[in-house]
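Here are my notes, with the cysteine pairs up front and a helix after them. Have the model open while you read.

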Amino acid sequence: MKYRLWVFLAMSALLLSAPAQTWTEQGDAGDLPETAQSTGTGSISRIVGTHGPDDVDMYAIYIANPSAFSATTVGGASFDTQLWLFDANGKGVVFNDDWSGSNRSRIDNTSSCIPGPGLYYLAISAYNRDALGCDGGLIWTDAPYTTIRCPNGPEATSRVARWSGSTLAGGSYTIFLTGAEGASAGNPDDCPPPEPWDEAYNGGGDAGDLPATAQIVHLPDAVHCQTPVQRIRGDLGADDVDMYVICITDPDNFVASTVGGAAFDTQLWLFRCDGTGVVHNDDAVNTTVLQSRIDNSTGCIPAPGIYLLAISRYNRDPVDANGRRLWNDTLERSLNCADGPGRNNPVAGWTGTTPAGRYAITLQGAYFVRPTGCQEPPCQPHNGDVINNGCIDDADLLQVLFAFGQTGSNLGRVDVNCDAVVDDADLLQVLLNFGSGCE
């Protein structure tokens, strides 16, 4: 009995005094909680891995006592590091860029950012590869660099959804840990569905750069040229241009802007459905920003209708089939109708080389379109049943009154006689047949 007790006590002592393990990256650790690398079990004293270009490595860990936790790359990396901690659902917890006079990093709970025991995700990136939230905004601001900070960016309450910034390969790293244990990666909450319109979520992929491949901004429950679309969000790849089909019912009320919606120098362009140029802006007028804003203050938008809205990065410009520019290179802070040597021709391609970037276009006076986009069905004169329910009543009359005075080729059934204008003739047709088909 004494021998067994001695063996039990000796084994317990060995387990209690067992050194904390080193976790070595298995393959390439993912950059989001969904792809984070699990780290086994037991106490962890260090994580060893390798950083490639544009790489972020994320690891699942367990923190039992936040006040005893720390993670640092001081003495463990030869490149400028950043350390990030996210909770079990991927929401930002604590971050540090530079620590104690070096460009290595350290995070702990001296700022009381870690709320309590639990599963966390520890990530390492090279400067300036930064965590973005579900809507593409920073979870932490860039500065101040030397502090250990809770989330303070425009998306401080969001979970991490992607990373911004391009970085070179950093090489090997070691993260030294205290108060951390191995853990299995969990199942974090997804980002909520984005507000329409999102190029990938709603559009299903990359918007094309020419009229034939433009992404049609349509939703099944949206009324053609009546349901407003207030934002278009997407990603530009290298040398990319994204083009969208939208409806404009009142040109004087139309605005499209990337001011505050992109971290790079944007350009906005508006085309007719035939691909000929309408209006363009590089840098917003009367500002100092590098983002863009177009409206109809110059009178370039001739009438209501279906149009093509395109975004490119400076200096990616539209050309016709002969390589001639649709717009001349003009002063950046100006709003211009198409004025280049190819202004009378449709866009056939784009010139200039550009890197990638994420963007959001804020819209005013823009509307969803039919799934046919620019391929509008031909207008068919009818007896005044504007809403097409078999009964001509107050609802049809109101539709014509609300659209009274509008002109263009895309007016739909409110243009009862199909003469491209909603006027007395259309109203009279509804009044003459008022009550027809109604029980």
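**Notes on the disulfides and one helix**

1. Cys134 is buried, at a relative accessible area of 12% (buried is under 20%, exposed over 50%, partly exposed in between; 1.4 Å probe, protein chains only). Its partner Cys191 comes out partly exposed, at 28%. The two form a disulfide with their sulfur atoms 1.9 Å apart (a disulfide being a pair of cysteine sulfur atoms within 2.5 Å). The torsion about this S-S bond is about -80 degrees, so the disulfide is left-handed.

2. Before going on: this is a predicted model, where local features need pLDDT of at least 70 and side-chain atom pairs pLDDT 80 or more, while totals for chains, interfaces and linings use all residues. Residues are numbered from 1 along each chain as its sequence is written, and side-chain values use heavy atoms, without hydrogens or water.

3. Cys225 and Cys247 also form a disulfide, with sulfurs 2.0 Å apart. Here the S-S torsion is about 110 degrees, so this disulfide is right-handed. Cys225 is buried at 12%, and Cys247 is buried at 2%.

4. Now have a look at Asp426, which sits in helix H3 (residues 424-432) (helices, H or I, are DSSP runs of at least four residues and strands, E, of at least two, numbered from the N terminus). In H3, Asp426, Leu427 and Val430 are buried. Seen down the axis of H3, the buried residues fall within an arc of 100 degrees, so they line one face of the helix (the arc is taken from the directions from the helix axis to the C-beta atoms). The face turned away from that buried side carries exposed Asp424 and Leu432.
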